[in-house]
Amino acid sequence: MVMLSGQAEAAGGGVVARILDVMAADSISAVYQAVFQFPRRIVVGYEALARFPDPQDYPVSQWFRDAAEAGLAISLEIAAIRRALDALSSLPADQWLAINASPQTLCSPQLHALLESQDMSRVVLELTEHSRIADYGHLLRMLAPLRQAGARIAIDDVGAGYASFQHVLELKPDIIKLDKALTRGLQTDPVKQALVRALVAFADEVDALIIAEGVETIDELDALCSHGITCLQGYHLARPAPLTAVVGSLS
């Protein structure tokens with residue numbers, strides 16, 4: 001038992017060291033996936049996605065899971081967000097940038113300090129469906145000054161589970177992002193179609209924007225547009241790309 005405990009401690013130390021090393025080396029990068037508005041098919045914004053060394057051997061999601069277990073989640077997210085924000089000065093002024101953050105990071109003084117120098121009217125703070133929120137009241141209070149400065153709040157993965165609907169009801173987001181599970185095969189699934197229609201009607205009632213994620217085929221695109229969704233992202237439209245490629249495509 002002592003040997004197993006020692007092995008576990010060594011493994012944990014290796015995880016912490018790897019996370020600290022990637023932050024110290026500033027080797028976190030970002031790619032950006034465009035969000036298109038239809039029917040004009042113009043880019044209105046980008047979602048920033050973190051990238052780490054050796055992505056095939058160690059996926060992005062595992063980095064953040066390990067950081068959470070090691071008590072380094074906020075530090076790693078802040079490092080990723082700092083790199084993502086590099087894009088704002090290079091993108092056209094009429095395009096926004098969405099950054100992903102956990103509830104803990106959204107409440108952190110480090111994030112608020114980082115955002116002080118940004119044009120918040122161009123920033124979307126995106127909360128994933130899988131994020132657990134223990135105290136909605138506290139989160140709303142911490143989000144209030146960011147919203148007053150112009151930031152918009154988005155709830156990711158809506159439709160993937162109960163938590164996403166709870167987030168929508170409690171946080172009253174500016175943007176509702178439909179999970180790819182609803183996008184997949186929408187054109188042939190009447191149950192999904194009914195739920196999408198209901199969410200579109202709800203968004204209209206509360207003055208929220210809907211963005212459909214995971215659009216991978218022309219049939220899915222046509223089905224989503226036919227249900228009144230005008231903002232979409234997915235591989236059929238554009239894959240995530242480094243900032244240099246994004247800026248190059250604008251010239």
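Let me start with R41, which at 41% relative accessibility counts as partly exposed, and which sits in the loop between β1 and β2. Please keep in mind throughout that what we are looking at is a predicted model. The backbone at R41 deserves a moment, since its phi is near 55°, a positive value in a residue other than glycine. As background, most residues other than glycine have a negative phi, and most peptide bonds are trans. The second half of that background matters in this loop as well, because a cis peptide bond joins F38 and P39, with omega at about 10°. P39 has its place in the loop between β1, residues 29–37, and β2, residues 42–51.

Where else does a residue other than glycine take a positive phi? K172 does, with a phi near 50°, and this residue lies in the loop between α7, residues 162–171, and β6, residues 175–178. K172 is exposed, its relative accessible area being 59%.

Let me turn now to helix α6, which covers residues 136–148 and so has 13 residues. From its first C-alpha to its last, α6 reaches 18 Å, close to the 18 Å expected at 1.5 Å a residue. Even so, the helix has a kink of about 30° at M142, shortly before the proline P145. At the start of α6, a side-chain oxygen of D135 reaches to within 3.0 Å of the backbone nitrogen of G137, while just after the helix G150 takes a positive phi of about 115°.

Which residues of α6 are buried? They are Y136, L139, L143 and L146. It helps to recall that an α-helix has 3.6 residues a turn, so residues three or four places apart point the same way. What covers these buried residues of α6 includes α4 (103–106), α5 (109–115), β4 (123–127), β5 (152–158) and α7.

My last topic is charge pairing. In general, side chains of opposite charge can pair when their charged atoms come close. How many salt bridges does a search of the whole structure find? It finds 8, and I will go through some of them.

D26 forms a salt bridge with R83, the closest N and O atoms being 2.8 Å apart. D26 lies in the loop between α1 (2–24) and β1, whereas R83 belongs to helix α3 (residues 73–84), so this pair ties together parts that are 57 residues apart in sequence. R83 also forms a salt bridge with D86, and there the closest N and O atoms are 3.3 Å apart. Both of these partners are partly exposed, R83 at 22% relative accessibility and D86 with a relative accessible area of 41%.

The other pair I would like to show is E126 with K177, a salt bridge whose closest N and O atoms are 3.3 Å apart. Since E126 lies in strand β4 and K177 in strand β6, the pair ties together parts that are 51 residues apart in sequence. Are these two residues buried or exposed? E126 counts as buried at 1% relative accessibility, and K177 is buried too, with a relative accessible area of 2%. Finally, this pair belongs to a network, in which salt bridges that share partners join E47, E126, K177 and E213.

Terms used:
Residues are numbered from 1 along each chain as its sequence is written. This is a predicted model: local features need pLDDT of at least 70, side-chain atom pairs count only at pLDDT 80 or more; totals for chains, interfaces and linings use all residues. Side-chain values use heavy atoms; hydrogens and water are left out. Helices (H or I, at least four residues) and strands (E, at least two) are DSSP runs, numbered from the N terminus. Buried means under 20% relative accessible area, exposed over 50%, partly exposed in between (1.4 Å probe, protein chains only). The bend at a residue is the angle between axes fitted to the seven residues ending there and the seven starting there. Contact means heavy atoms within 4.5 Å. A polar contact is a pair of N or O atoms within 3.5 Å; within protein, one must be able to donate a hydrogen and the other to accept it, and residues adjacent in sequence count only if both atoms are side-chain atoms. A salt bridge is a side-chain nitrogen of Lys or Arg within 4 Å of a carboxyl oxygen of Asp or Glu.
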